[in-house]
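Student: Please take me closely through one part of this model, the sheet that involves both chains. I would like the strand pairing first and its surroundings afterwards.

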Amino acid sequence: MSDRFDVGDRVRVRLDDPVGHTRAPRYVRGHVGEVVERHGRYPLPDAVVAGERLGPSSVYAVRFDAAQVWGEGEHTVTVNLWDEYLEPANGA
Amino acid sequence: MVHDDATVSRRVRALETELERRGIVDGGMLDDILDRLLAHSTPRQGARVIAHAWVDEAFRRRLLDDGNAAIAELGLSMSHGPAPQRLRVVENTERVHNVVVCTLCSCYPISLLGPSPSWYKSESYRSRVVRWPREVLAEFGLELSVKVEIRVWDASAETRYLVIPGRPVGTENATEDGLSALVTRAGMIGTAAV
C-alpha cells in the first residue's frame with residue numbers, strides 16, 4: 001500500500017478522543033499542518049495495545065505553526081502522526 | 001498525575017511480577033533486553049557522531065539524509081532495543097535552532113545518548129517547550145536571537161531525533177577526539193549550545 005499523503009500536503013488531525021491509548025497528542029487535534037516528511041510504516045499503537053494485529057500504516061512528520069495552534073508564537077512544532085489520525089485538508 | 005520515583009518503581013515491580021506469574025516473560029528476559037540496549041549507550045556515542053559530522057562534510061550530508069545508514073559507518077545502530085528505530089538528524093545553523101521533546105512520554109535516542117535526563121521526562125519540560133520554546137531555552141541559559149527560527153520536534157512515534165549543534169568558534173585546529181569531548185548531551189537535545 002502506498003502512502004496516502006505526500007510531502008507538502010495539508011492535513012488536519014482528526015478530533016477523535018479515543019478511550020484507550022493513542023499517540024495523537026491532544027494539542028494538535030483539529031489543527032491543520034503540512035506533511036514535511038514520511039517516516040515509514042509502523043503498526044498503529046492504538047491497535048497494538050488493544051491486542052489487534054493489523055498491518056503497519058504510514059507515519060508522517062506534520063509541521064504546525066504555533067500561531068495556528070495556540071494563537072501566538074513564531075516557532076513550529078513537528079509531530080509524528082499515523083495515517084489513521086489524519087484527514088486531507090488541502091485548501092485549508 | 002504525580003509520579004514520584006517510589007510510585008513508579010512499585011508499579012513496575014507489580015507489572016513485572018504479574019507478567020512473570022502469567023508466563024509472558026521470564027525473570028531474565030527484561031534484564032537481557034535492558035542490558036543489550038544500555039551496554040554501549042552513553043552520550044559519548046552521540047558525541048562521536050557529531051564530531052565526525054563536523055570534520056567530514058560528506059558524512060554530515062549522509063547523516064542528515066539517512067541517519068541509520070550513516071551511524072552504521074561508525075559501528076553504531078538504533079536496533080538494540082525491542083524494535084528498530086528510525087534516526088532523524090537535524091542541524092542547528094545561524095538561522096534555525098532545533099529542540100527535541102516527547103510530549104506524550106519520553107521517546108529519546110537511548111542508543112546514542114544513554115538514558116534520558118530526568119528533566120526531559122518532566123511534565124514541565126514536555127508541556128512548556130512546545131508552547132514557549134524560546135522562554136524554556138532561556139531558562140536553560142540559551143538566549144537565542146529573535147532572528148533564529150525555532151523548530152520543535154515532538155518525537156511521539158518510532159523516529160528518534162538527534163541535533164547537530166553548531167561547531168564552536170575557534171576549534172578549527174581541534175582533533176576529532178578533541179571536538180567530541182566538547183559535545184554535550186544537552187547540545188544534542190537542543191537545550192544548549194556547544
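Tutor: Read along the sequence, chain A follows the pattern β-β-α-β-α-β-β. That amounts to two helices and five strands. The model is a predicted one, and what follows should be read as a description of that prediction.

The sheet is an open one of seven strands, in the order β5(A)-β1(A)-β2(A)-β3(A)-β4(A)-β3(B)-β2(B), with mixed pairing. Its edges are β5 (86-88) of chain A and β2 (96-101) of chain B, each of which pairs on one side only. On average, neighbouring strands are turned by 35 degrees against each other, with direction ignored. Strands of a sheet pair through backbone hydrogen bonds, in either the parallel or the antiparallel sense.

Start at the chain A edge. Strand β1 (residues 10-13) of chain A pairs with β5(A) in the antiparallel sense, over three bridges. Within that pairing, Val11(A) is placed opposite Pro88(A) of β5(A). β1(A) is also joined to strand β2 (residues 32-42) of chain A, by three bridges, and these two run antiparallel. Here Arg10(A) stands opposite Glu34(A) in β2(A).

Arg10(A), which lies in strand β1 of chain A, can be examined a little further. There are 15 other C-beta atoms within 10 Å of Arg10(A), so this residue is partly exposed; the class lies between buried, at 20 or more such atoms, and exposed, at 12 or fewer. The C-alpha atom of Arg10(A) is separated by 5.7 Å from that of Gly33(A), although the two residues are 23 apart along the chain.

Moving on through the sheet, β2(A) pairs with strand β3 (residues 57-65) of chain A over seven bridges, again in the antiparallel sense. Arg38(A) has Tyr60(A) of β3(A) opposite.

The next step to describe is the crossing between chains. Strand β4 (residues 76-82) of chain A and β3(B) run parallel and are joined by four bridges. One facing pair is Thr76(A) and Arg151(B), the latter in β3(B).

This crossing belongs to a wider interface, in which 16 residues of chain B are in contact with 14 residues of chain A. On the chain B side, strand β3 (residues 149-154) gives the most, with five residues. By class, that side of chain B has eight nonpolar, three polar and five charged residues.

Nonpolar packing is the next topic. The largest nonpolar core has 61 residues, and those that touch the most other members are Val62(A), Leu81(A), Ile50(B), Val99(B), Val100(B), Val101(B) and Val152(B). Helix α3 (residues 43-55) of chain B supplies the largest share of this core, six residues. Leu81(A) can serve as an example: leaving aside neighbours within four places in sequence, Leu81(A) is in contact with Val13(A), Ala24(A), Val59(A), Tyr60(A), Val62(A) and Leu86(A).

Chain B also has a strand pairing between β1 and β4. Strand β1 (residues 86-91) of chain B is joined to β4(B) by six bridges, and the two run parallel. Arg88(B) stands opposite Tyr161(B) in β4(B). Strand β4 (residues 159-164) of chain B is mostly covered, with six of its six residues buried. Thr159(B), Tyr161(B) and Val163(B) point one way from β4(B), while Arg160(B), Leu162(B) and Ile164(B) point the other way, and all are buried. In a regular strand, side chains alternate between the two faces of the sheet.

Finally, the chains that carry these strands. Chain A has a radius of gyration of 13 Å, which agrees with the value near 12 Å that a compact globule of 92 residues would have. The C-alpha trace of chain A spans about 40 × 30 × 20 Å along its principal axes, and buried residues make up 33% of the 92 residues. Among contacts in chain A between residues at least 6 apart in sequence, 59% join residues at least 24 apart.

Chain B comes to eleven helices and four strands. Its radius of gyration is 18 Å, close to the 16 Å that the globule rule gives for 194 residues, so chain B is as compact as a globular protein of that length. The C-alpha atoms of chain B fill a box of roughly 60 × 35 × 25 Å, taken along the principal axes. Of the 194 residues in chain B, 34% are buried. Residues 24 or more positions apart account for 70% of the contacts in chain B with a separation of 6 or more.

Notes:
Residues are numbered from 1 along each chain as its sequence is written. Chains are lettered from A and ligands numbered from 1 in the order in which they are written. This is a predicted model: local features need pLDDT of at least 70, side-chain atom pairs count only at pLDDT 80 or more; totals for chains, interfaces and linings use all residues. Two residues are in contact if their C-beta atoms, placed from the backbone, lie within 7 Å. Ala, Val, Leu, Ile, Met, Phe, Trp, Tyr, Cys and Pro count as nonpolar, Asp, Glu, Lys and Arg as charged, and the others, Gly among them, as polar. Two strands pair if DSSP finds at least two bridges between them. A nonpolar core is a set of buried Ala, Val, Leu, Ile, Met, Phe, Trp, Tyr and Cys residues joined through C-beta atoms within 7 Å. The radius of gyration is taken over C-alpha atoms; the globule rule is 2.2 Å times the number of residues to the power 0.38. Axes are lines fitted to C-alpha atoms, for helices over the stretch in contact, and angles run from 0 to 180 degrees between N-to-C directions.
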